[in-house]
Amino acid sequence: MRNLLNFFLKYNDWFLFILLEVISFVLLFRFNNYQGSAFFTSSNQVIGMVYEATNKVTGYFHLKTINDDLVQKNVELELQVERLRSVLMDLTADSTEIERMKSNALLEYDIYRANVINNSLTHADNYITLNKGEDDGIRSEMGVISGSGVVGIVYQTSPNYSVVIPILNSKSSISCKIKRSDYFGFLKWDGGSSQYATVKDMPRHSLFTLGDTIVTSGHSAVFPGGIPIGTVEDMSDSHDGLSYLLKIKLFTDFGRLSDVRVIAKKEQEEQLELEEQFKKSK
């Protein structure tokens, strides 16, 4: 206490000076219209800048939630678009029927949210680990997609985690097609850049141009048709000269992959079991 009193006594001149300055400014801004207006205008600008900075900081910390919601919405829209595309030709002008088909488009699929907790890009056989597993309803042979396009296929699961074989794996082979003309081939990755893959076995009579979009073909139980994969950037002849090799720039940025969705058609297990029985009988 004594030290505090000594401090005030030692610097009493400064405290008196500050007090008088405050009183002077209050009198100046209160009883002079011009100075008061200038002061309040400046203070409002400063307060506005503080609020703007605060809003930007708050918005940044909400980006994770916003991005997660956008991924979910994008995945749902992709499934809806493909489902609607396949039935639009048979629909009448009845708007009620159109709305009913739209609402039912997602009923055929189970969609699970998941986050990438481990990812590799530089190996011949890359893999991705997700933070969801069997306890969350995820099982092997489910498709994995992001808000941009196809990611890969679930390979193994444990109660709480899943390992995914992505497009960037030499064992990955995904049936795909040219969206504009429906000619199909198989998407493979031969190493190199994580931004590119190759469509093989594309028939020589197929119709396509550079820039065409490649989507899943729907010729398997894993992915529905129409899920985006990438665009045609270049083409060349296959080694035997009987088909084309298409260089595809992938939509999915595997270097920044975070939020994904695991999808499965509700009758997927029945289809896979039937196909497996057929393979064993051969």
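I took exposed to mean over 50% relative accessible area, buried under 20%, and partly exposed in between. The model I am reading is predicted.

**Entry 1: the surface patch**

I began with tryptophan 14. It sits in helix H2, residues 12-31. I looked up its relative accessibility and found 57%, so tryptophan 14 counts as exposed. I then asked which residues form a nonpolar patch with Trp14 on the surface. They are Phe17, Ile18 and Val22. Together the four have about 440 Å² of accessible area.

**Entry 2: the barrel**

Next I traced the closed barrel. It has six strands, in the order S6-S7-S8-S11-S10-S9. The pairing is antiparallel. From one strand to the next, the twist averages 40 degrees.

I looked at one pair in detail. Strand S7 covers residues 184-188 and strand S8 covers residues 196-203. I noted three bridges between S7 and S8, in the antiparallel sense. Which residue of S8 is the bridge partner of leucine 187? I found valine 199.

**Entry 3: strand S12**

I turned to strand S12, residues 259-265. Is S12 largely enclosed or largely open to the outside? Six of its seven residues are buried, so the rest of the structure largely encloses S12.

I then listed pairings of S12. Strand S1, residues 109-119, pairs with S12 over seven bridges, antiparallel. Within that pairing, I matched asparagine 115 to its bridge partner, aspartate 259. Strand S3, residues 143-145, is joined to S12 by three bridges. S3 and S12 also run antiparallel. Here isoleucine 145 has arginine 261 as its bridge partner.

As a reminder to myself, strands of a sheet pair through backbone hydrogen bonds, either parallel or antiparallel.

**Entry 4: positive phi**

Last, I checked backbone angles. Most residues other than glycine have a negative phi. I wrote down two residues that have a positive one.

Glutamate 141 has a phi of about 70 degrees, and it is not a glycine. I placed glutamate 141 in the loop between strand S2 (128-130) and S3. Its relative accessibility is 36%, so glutamate 141 counts as partly exposed.

Aspartate 201 has a positive phi near 65 degrees. Where does aspartate 201 lie? I found aspartate 201 in strand S8, a strand of the barrel in Entry 2. At 49% relative accessibility, aspartate 201 counts as partly exposed, because exposed requires over 50%.

Terms used. Residues numbered from 1 in each chain as written. Predicted model: local features only at pLDDT ≥ 70, side-chain atom pairs only at ≥ 80, totals over all residues. Heavy atoms only, no water. Pairing = 2+ DSSP bridges. Helix = DSSP H or I, 4+ residues; strand = E, 2+ residues; numbered from the N terminus. Axes fitted to C-alpha atoms, helices over the stretch in contact; angles between N-to-C directions. Buried < 20%, exposed > 50% of the residue type's maximum accessible area, 1.4 Å probe, protein only. Patch = residues over 30% accessible without salt bridge, like charges linked within 9 Å, V, L, I, M, F, W, Y side chains within 5 Å. Areas by Shrake-Rupley, 256 points an atom, 1.4 Å probe, with all protein chains shown as cover. Salt bridge = Lys/Arg side-chain N within 4 Å of Asp/Glu carboxyl O.
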